[in-house]
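Reader: Please explain the terms used for this protein, one at a time.

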Amino acid sequence: MKKLESSLLNMVLVLVGVALIMGGILAGVNHITEGPIAEQAEQMLANGIKEVMGGEKLTVTSTETIKQEIDGKEVTFTIHRTQDGRKHDLGAAVETSALGFSDNIKVLVGFSPEGEILGYTILQSSETPGLGAKADKWFQKGQKGDIIGKNPKDKDLTVKKDGGEIDAITASTITSRAFLKAINQAYHAYIDKGVDAHSGATKQADKVAKR
């Protein structure tokens, strides 16, 4: 009986030891890869900004985070304002997201100073395999759901099924609605920041004013 108890104890100790070692290894790997992953994400964002703004020679002059309450949920927008080499305002690239069929669709969309859509790219999508890729192409210039050059100023962009002018992705109306909702929200965050918007830059200005 004592031998059995001893064997069981040894097994538990071995398993605990293995778990601790594996945990240490994983923590070490995570620490090593954390930096390169962050750098890769920054590079992807930088390339994305150039893509959606339609030019290589631009500078991001400021980055602003705005939070709005939409449908009872706090939504965060990141606005990257840009200029060309002559310091002319090119507009901004806005990071936005909306809930699709299965999860959030994260989009980077470029706007001119007047609010016209210059371009977009899908940053992240957990939709059914294939739908994210379709959304990345479907609404581009010359495609069936083309939104490039449109301005949501007078009316939000919506699919034809909802009385709008945009063709939805075939058999993917929910994903199309989510995508267009993300675009519309990004426009309003960029142009007017919304009534309930909270800007980090605005807060900083308030602090300075109070001194």
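Reader: What makes V14, V18, I21, M22 and I25 a nonpolar patch on the surface?
Author: Patches take residues with over 30% relative accessible area and no salt bridge (a side-chain nitrogen of Lys or Arg within 4 Å of a carboxyl oxygen of Asp or Glu), and nonpolar side chains (Val, Leu, Ile, Met, Phe, Trp, Tyr) are joined within 5 Å. In this predicted model, the five residues together have about 460 Å² of accessible area, computed by the Shrake-Rupley method with a 1.4 Å probe.

Reader: Why is M22 called partly exposed?
Author: Buried means under 20% relative accessible area, exposed over 50%, and partly exposed in between. M22 has 43% relative accessibility, and therefore counts as partly exposed. M22 lies in helix α1, residues 2-53; helices are DSSP runs of H or I with at least four residues, and strands are runs of E with at least two, numbered from the N terminus.

Reader: What makes strand β4 mostly covered?
Author: In β4 (residues 104-111), 6 of the 8 residues are buried. Across the protein chain, buried residues make up 32% of the 211 residues.

Reader: How do you know that β3 and β4 pair?
Author: Two strands pair if DSSP finds at least two bridges between them. Strand β3 (residues 89-99) and β4 share 8 bridges in the antiparallel sense, and I105 in β4 is the bridge partner of A98.

Reader: On what basis are the values given?
Author: Residues are numbered from 1 along each chain as its sequence is written, and side-chain values use heavy atoms, leaving out hydrogens and water. Local features need pLDDT of at least 70 and side-chain atom pairs count only at pLDDT 80 or more, whereas totals for chains, interfaces and linings use all residues.

Technical notes. Buried < 20%, exposed > 50% of the residue type's maximum accessible area, 1.4 Å probe, protein only. Patch = residues over 30% accessible without salt bridge, like charges linked within 9 Å, V, L, I, M, F, W, Y side chains within 5 Å.
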